[in-house]
Every structure is written in structure tokens, then in C-alpha cells.
Amino acid sequence: MSTENEGTAVPPAPSAPPVPVDAPAASAPQASDAGAPTTPIPPTPPNASGAAPGPELVHAGPAPAYASAEGGAQQGAGGAPQYPGPGPEGAWPPPQNPGTPSYGDGGAGGAGAGGVGAGGVWGAGYQQPAPKPKSGRGGLVAAILVAALVAGGLGGGLGYTLAKNNDDGSSTTLSASESGGSVKRDAGTVAGVAQKALPSTVTIEAESTSGEGGTGTGFVFDTQGHIVTNNHVVAEAVDGGKLTATFPNGKKYDAEVVGHAQGYDVAVIKLKNAPSDLRPLTLGNSDQVAVGDSTIAIGAPFGLSNTVTTGIISAKNRPVASSDGSGSNASYMSALQTDASINPGNSGGPLLDAQGNVIGINSAIQSTSGGGLGGTSQSGSIGLGFAIPINQAKYVAQQLIQTGKPVYAKIGASVSLEDSSGGAKITTEGAGGSAPVEAGGPAAKAGLKPGDVITKLDDHVIDSGPTLIGEIWTHKPGDKVKITYERDGRTHTVDLTLGSRTGDS
């Protein structure tokens, strides 16, 4: 499988991609103070098993999808998730389904801006074929659409001609009934929710100083003009690039990045000369979401702004990891999984519940590797989308608005990058020659040692390093958690207070 951030498709990743526990950066050495990462995030591993690639995961935002997280020498086989938004490719799929997550954004190399490819037939003449016996529903989508348009045109034209020819002045005009009922949409319907939420969403266009970039989505967070989106959606515009946000009414505003968190894949931008009538979307409680709950996603799939799709929550606490392939940028989430259609360009958009409350931020999709309509290289939705739970995103967004930098919880230990379903193993050597267990850190105080295999964090099963990181990052520094681990064939449980690290490097 491949995970896309709504961007380019990528090679499959291992079900449990190897990753260090408390640092998103791979190059920075482990630091012992609370303000630095215990271990930098290594590159996402290449396909080491030689297995044939499977479906891919993609990012749902504005740039290419993250789907090739490269790991260390111990990396296993598999692919990576893709984001449905802008950004590079790389990501890890859910453990049960090896694949490659990708971002759901569009743009150069991404899936946020798109259309019919070179092989399309839009605008071509249509000749009605000879009648055939009914034999099925096969045929090209493009041909079916063109036929539908032509049939509609003929029907309308023919109807008008007959009416005109039969109008000899003696016909009786009948007025249409006006008692068809009110067109007001009830608040609990999909139409009602969309009608209320759409004015508070924006289509984001990010462009780097070199002109590269893409399209993603965001939503109004407060009345001061702060917009929440994915980090990979705005990454191209962070260092001196151009950023704009366009509302459904067509009003466009220049914007600037207030703060971004690579590890969480969350970013906050602020509108310049923000209007005074902004209406922030209501935030729900992602901890109370249940499998089977209805969902509504809003975004700009393949550049088609203000698109609304529906589905359900198909799973919770789905571990998803992604990387831009350089080994220094990795994102981890314990995601909400939904079958609402999410494609490149949806990245950063809100995932709503049936009442219109934001329960998540659409970030990645899992898709097959065949490319999209018209022969594009971007993959589309197959009904497996992943959203960052809003409880986590809200905390991150508030930190970014207050300080401009993200704060991560950590245990102070490095874990193996091997593809394994047995748990997260604390390494015998740390990155860059540092100690695998930080002296005086949370893990050391709890009695954890190199070689220990962490199998549970509270009630959540841990099957790999990335899964452990995703679960740790759903907590805040200072939270107390229960760690279950194995040592010498015996199972132990210990309480641990999470430490903190500020910044992505």
C-alpha cells in the first residue's frame, strides 16, 4: 500500500516502519536536555525485502506525496504513506496493510491540482454507436460522461424544438406548483452541515521562491485570522515563499506561516488583513469518536475547491508514519481512518462529524499505485483516508500560535528501525554515538534498558517504533503513562512520566 499526502504515488512501505521514539529529525544527535530530541528521526527505509509493491498511501494536501520514508540500515521492506496535500512523498501504512501513505494535496508533482490527462476525450466529437444487446456496464468513464452530456444536449434541444413547432397560439400555459416544500436545509443533514462549514474553509496555494508548490486546504481556527492546515501543505512557502488562502466566495488573502510542526504534520498560517466576520469551525472531541460514526470531508481534491464528500469512521488509532525521503523529515500520527473520499488537495481540510464539528485534519490516503484519471501519476482515493485527531491538532495549533514552535512528548530512548510486529525495541546504540537511553530521562527513571521491547502504552498495543512514537505524541509532556515491556522473556509494567522536546530539530 502507499500513503499519499495527496501527491505522487510512492513505493510500498513495511507495515511497521523503523523509527526513533522521540525525535522527528534524523541528522541531529541525541541531546540530554529536555529541549532537544533524544534521537533524531532517521530516513525512511527503502524496500529491503524485495517484495512486490502493493497499494500506496498518499498525502491529501497541495504538493507531492510523502511516501518513501527512508530508514537506517536495519530498515525493513514495505512502502510509505502519502499525504493528500502538498509536500514530498513518504509514509508508512497501517501495520496490518503494508503500503505507502501519501499526502492528499495537489500542485507540482502533487494531486491537489489536476484535470483530465493527455489521454482524455473531453471536447472530442461524439458519434452515436449502433444499438447493441445489454451486456454489462463496462466502458471508459470519459466516454460515458461525454455520452451523458450529448444525450442531455439532444434531449433539451429536441424538447425545445417540439414545443416551438406545436405552439400555434392556442396552447394552454400551465404554471408550476409552488407547494414543493421549503428548500431550507436542516442542520443535521449533510447539506446543512456543508452549508454552514464551507464559508469557514479555504483553499491554500503555497509557492516556494523557485516557483514550486501546490494546493491544499485549511479551516478557520479563530477570529484573529489563524488558519489550521497540514505542515506539508505550506512547507514550500516557509522560507520566503508565497502563500494565499481563498474562501468559497472568491475572496483571496495573502497569508504567512505562524508556525509549523513537521512531526505532527500540523501548521498554522495567518491571513493578512483578515476580515472581521470570520467564523471559526466548532471543534469536536476526537476521543469520543466511534467506529461507524458519519464523517464529512471538505477540501480541494485535484484542485477542485470546496468539494464535500461523506463516509464513516472505519477505524481509530491507526498508526501512520510518513517522510519526505530525506531521512530528516518524518511525521507520525495515531490516525482516524475514514472512507470519505479524500484525494490530493484535501490535505489540511476538516473532517467533520454529523453535527459539523471538526474531529480531524485530513492528512493522508492509502491508494493503489496505478495513477489517476487521464493517466496522471497521482493516485486517487480507494476509501482509506487518515486524519490527525483534532484533540492532538488543537494542542499543537495552540502551541504554534503562542510560541511558533511545536512541543513534543518523549520517553528519552531510541528504538530499533527493524520491521517487526513484536513491539518497539530499545536499541543498544543511539544515533550518532549517543546513549540509547537518555541519562536522567523518563525511560531511565522508569528502569528501561537497551534491549527491552515495549509492547503496550497504556491499553494501546505497540507493534513497532513508529506506532510507539504516534501514541506518545497523542500525549502532552508531563502526562503519566503505563509502559508494558519484555525483558529476558518476562513481561514487566512500569509507570513513566513523559518528558518534552521543543522544535523539530
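**Exercise 1. Decide whether His475 is buried or exposed in this predicted model, and place the residue in the chain.**

Step 1. The relative accessible area of His475 is 14%. Buried means under 20%, so His475 counts as buried.

Step 2. As for its place, His475 belongs to the loop that connects α6 (465–472) with β20 (480–487).

Step 3. Residues up to four places away in sequence are set aside for the contacts. His475 then touches Ala409, Leu457, Asp458, Val481 and Leu498.

Step 4. There is also a link to a backbone atom: the His475 side chain reaches the backbone oxygen of Glu471 at 3.0 Å.

**Exercise 2. Classify Gln224 by its accessibility, and find which residues it is in contact with.**

Step 1. Gln224 has a relative accessibility of 46%. Exposed means over 50% and buried under 20%, so Gln224 counts as partly exposed.

Step 2. Gln224 sits in the loop between β5 (213–220) and β6 (226–229).

Step 3. With neighbours within four places in sequence left aside, the contacts of Gln224 are Lys270 and Ala274. Ala274 is 50 residues apart from Gln224 along the chain, and their C-alpha atoms are separated by 7.3 Å.

Step 4. The side chains of Gln224 and Thr223 make a polar contact at 3.1 Å.

**Exercise 3. Find the strands that pair with β20, and describe the turn of its hairpin.**

Step 1. Take β18 (residues 453–457). This strand is joined to β20 by 4 bridges, and the two run antiparallel. Within this pairing, Ile454 has Tyr485 of β20 as its bridge partner.

Step 2. Take β21 (residues 490–497). Here 8 bridges make the connection to β20, again with the strands antiparallel. Arg487 stands opposite Arg490 in β21.

Step 3. β20 and β21 form a hairpin, with 2 residues between the strands. In the turn, Asp488 has a positive phi of about 55°.

**Exercise 4. Work out what kind of ring pair Tyr264 and Tyr408 form, then follow the ring pairs to Trp473.**

Step 1. The protein has 5 aromatic pairs. In one of them, the rings of Tyr264 and Tyr408 have centres 4.5 Å apart and planes at 15°. Planes under 30 degrees apart count as stacked, so this pair is stacked.

Step 2. The two partners come from distant parts of the chain, 144 residues apart. Tyr264 is in the loop between β8 (252–261) and β9 (266–271), while Tyr408 is in strand β16 (residues 407–410).

Step 3. Both tyrosines can be checked for burial. Tyr264 is buried at a relative accessible area of 2%, and Tyr408 is buried at 0% relative accessibility.

Step 4. Tyr408 also pairs with Trp473, at 4.6 Å centre to centre and with 45° between the planes, and this pair is tilted. Tyr408 lies in β16 and Trp473 in the loop between α6 and β20, so the pair ties together parts that are 65 residues apart in sequence. Trp473 is buried, as is Tyr408.

Step 5. Ring pairs link Tyr264, Tyr332, Tyr408 and Trp473 into a cluster.

**Exercise 5. Check the span of helix α4 (residues 390–403), then describe strand β16.**

Step 1. The helix has 14 residues, and the expected span is 1.5 Å times one less than the number of residues. This gives 20 Å, and the end C-alpha atoms are 20 Å apart, so the two values agree.

Step 2. The buried residues of α4 include Ile390, Ala393, Tyr395, Val396 and Leu400. Just after the helix, Gly404 takes a positive phi of about 80°.

Step 3. In a regular strand the side chains alternate between the two faces of the sheet. In β16, Val407 and Ala409 point one way, Tyr408 and Lys410 the other way, and all are buried.

Step 4. β16 is joined by 4 bridges to β22 (residues 499–502), and these strands run antiparallel. In β22, Arg501 stands opposite Tyr408.

**Exercise 6. State how many helices and strands the protein has, and what share of its residues is buried.**

Step 1. There are 6 helices and 22 strands.

Step 2. The protein has 505 residues, of which 52% count as buried.

Step 3. The accessible surface comes to about 21,200 Å², and 51% of this belongs to carbon and sulfur atoms.

Definitions and conventions. Residues are numbered from 1 along each chain as its sequence is written. This is a predicted model: local features need pLDDT of at least 70, side-chain atom pairs count only at pLDDT 80 or more; totals for chains, interfaces and linings use all residues. Side-chain values use heavy atoms; hydrogens and water are left out. Buried means under 20% relative accessible area, exposed over 50%, partly exposed in between (1.4 Å probe, protein chains only). A polar contact is a pair of N or O atoms within 3.5 Å; within protein, one must be able to donate a hydrogen and the other to accept it, and residues adjacent in sequence count only if both atoms are side-chain atoms. Contact means heavy atoms within 4.5 Å. Two strands pair if DSSP finds at least two bridges between them. Accessible areas come from the Shrake-Rupley method with a 1.4 Å probe; for residues, only the protein chains shown count as cover. Rings of Phe, Tyr and Trp (its six-membered ring) pair if their centres lie within 6.5 Å; planes under 30 degrees apart count as stacked, over 60 as edge-to-face and the rest as tilted.
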